[in-house]
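Reader: I'd like a close look at one part of this model rather than a tour of the whole thing. Could you pick a helix, walk me through its surroundings, and deal with the cysteines along the way?

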Amino acid sequence: MSLKGNKHAIVVIDMLNDFIGPKATLRCENGEKIVPKIREVIDFAHENGIQVIHIQEAHRKNDADFRVRPVHAIKGTWGHEFIPELQPDEEAGDYVVQKRRHSAFSYTDMDLFLREEQIDTVVLTGVWTNVCVRSTASDALYHGYNIICLSDGTASKDDDMHRSGLRDIDLFGDIMTTEDYIEAAKKKFSQSSLS
């Protein structure tokens with residue numbers, strides 16, 4: 001598969017203590033399985049000048065989101081922090097976008113940052129495929145970006161939810177494995193800088 005777009009960003013969605021691990025308030029057990037794949041694509045990005053953006057839920061104490069979901073990821077708490085394996089790397093130029101709603105574009109500076117960096121393609125990883133990943137993908141489409149979703153770099157509570165999210169995203173984006181993305185990126189950008 002050939003890749004769309006000329007400048008990519010790896011987007012890591014909500015790989016936080018309140019979603020990943022046995023003490024997580026809204027644990028996504030399958031999310032623990034995707035950590036090595038996300039680490040692999042982040043390392044590839046850092047080695048090749050591709051922007052990495054970490055999306056971080058950062059709720060206020062009485063956030064309206066808690067009317068429909070349990071209290072989680074309150075800004076400044078342990079649950080709001082990135083898991084140890086996937087900490088943003090400031091020296092590598094990683095960028096953090098904090099959000100209070102499902103989409104990384106909703107009431108954040110995500111679109112502004114992508115436009116300033118002339119990024120035209122988002123490569124989505126993280127949790128939950130059928131909620132925050134799908135919402136971010138939809139808004140990326142609305143804002144005119146190309147979408148790639150890594151099937152083995154995203155996860156939901158169960159496989160049915162994950163497949164449902166991928167099925168929806170596949171209507172307007174490209175679904176790839178991490179290995180396929182990395183190989184395609186190497187081919188696409190071999191003649192010039194990856195950034």
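Author: Let's get the cysteines out of the way, starting with a definition: a disulfide is a pair of cysteine sulfur atoms within 2.5 Å. Keep in mind that this is a predicted model. The structure holds zero disulfides. Why does C28 have no such bond? Its closest cysteine sulfur, in C132, is 10 Å away, which is too far for a bond. Turn it around and the story holds, because the sulfur of C132 has C28 as its closest cysteine partner, again at 10 Å and too far. Buried means under 20% relative accessible area, so C28, at 0% relative accessibility, counts as buried. C132 comes out at 2%, so C132 counts as buried too.

Now for the helix, α1. It covers residues 35-48, which is 14 residues. From first C-alpha to last it reaches 20 Å, close to the 20 Å expected at 1.5 Å a residue. Right after α1 comes G49, with a positive phi near 75 degrees.

Which residues of α1 are buried? They are V35, I38, V41, I42, F44 and A45. These buried residues have quite a list of packing partners: the strands β1 (8-13), β2 (51-57), β4 (121-127) and β5 (146-155), plus the helix α5 (178-188).

The helix partner deserves a zoom. Two packed helices are described by the angle between their axes and the distance between the axes. For α1 and α5, the axes come within 10 Å and cross at roughly 10 degrees. Angles under 35 degrees count as roughly parallel, so α1 is roughly parallel to α5. On the α1 side the contact is made by K37, E40, V41 and F44; α5 brings in T178, Y181, I182, A185 and K186. V41 and F44 are also among the buried residues of α1.

On the strand side, have a look at G153, which sits in β5. With 1% relative accessibility, G153 counts as buried. Setting aside neighbours within four places in sequence, G153 is in contact with I34, K37, I38, T125, G126 and T178. Of those names, K37 and T178 also turn up in the contact between α1 and α5. By contrast, G153 and T25 are 21 Å apart in space, C-alpha to C-alpha, and 128 residues apart in sequence.

For the wider frame, UniProt (unreviewed entry) places a feature called "domain: Isochorismatase-like" at residues 9-180. In this model that span is 28% helix and 22% strand, and its end C-alpha atoms lie 16 Å apart.

Conventions. Residues numbered from 1 in each chain as written. Predicted model: local features only at pLDDT ≥ 70, side-chain atom pairs only at ≥ 80, totals over all residues. Heavy atoms only, no water. Helix = DSSP H or I, 4+ residues; strand = E, 2+ residues; numbered from the N terminus. Expected span 1.5 Å × (residues − 1). Buried < 20%, exposed > 50% of the residue type's maximum accessible area, 1.4 Å probe, protein only. Contact = heavy atoms within 4.5 Å. UniProt positions renumbered as here; feature names shortened; annotations may be inferred. Axes fitted to C-alpha atoms, helices over the stretch in contact; angles between N-to-C directions. Parallel < 35°, antiparallel > 145°, perpendicular 65-115°, else oblique.
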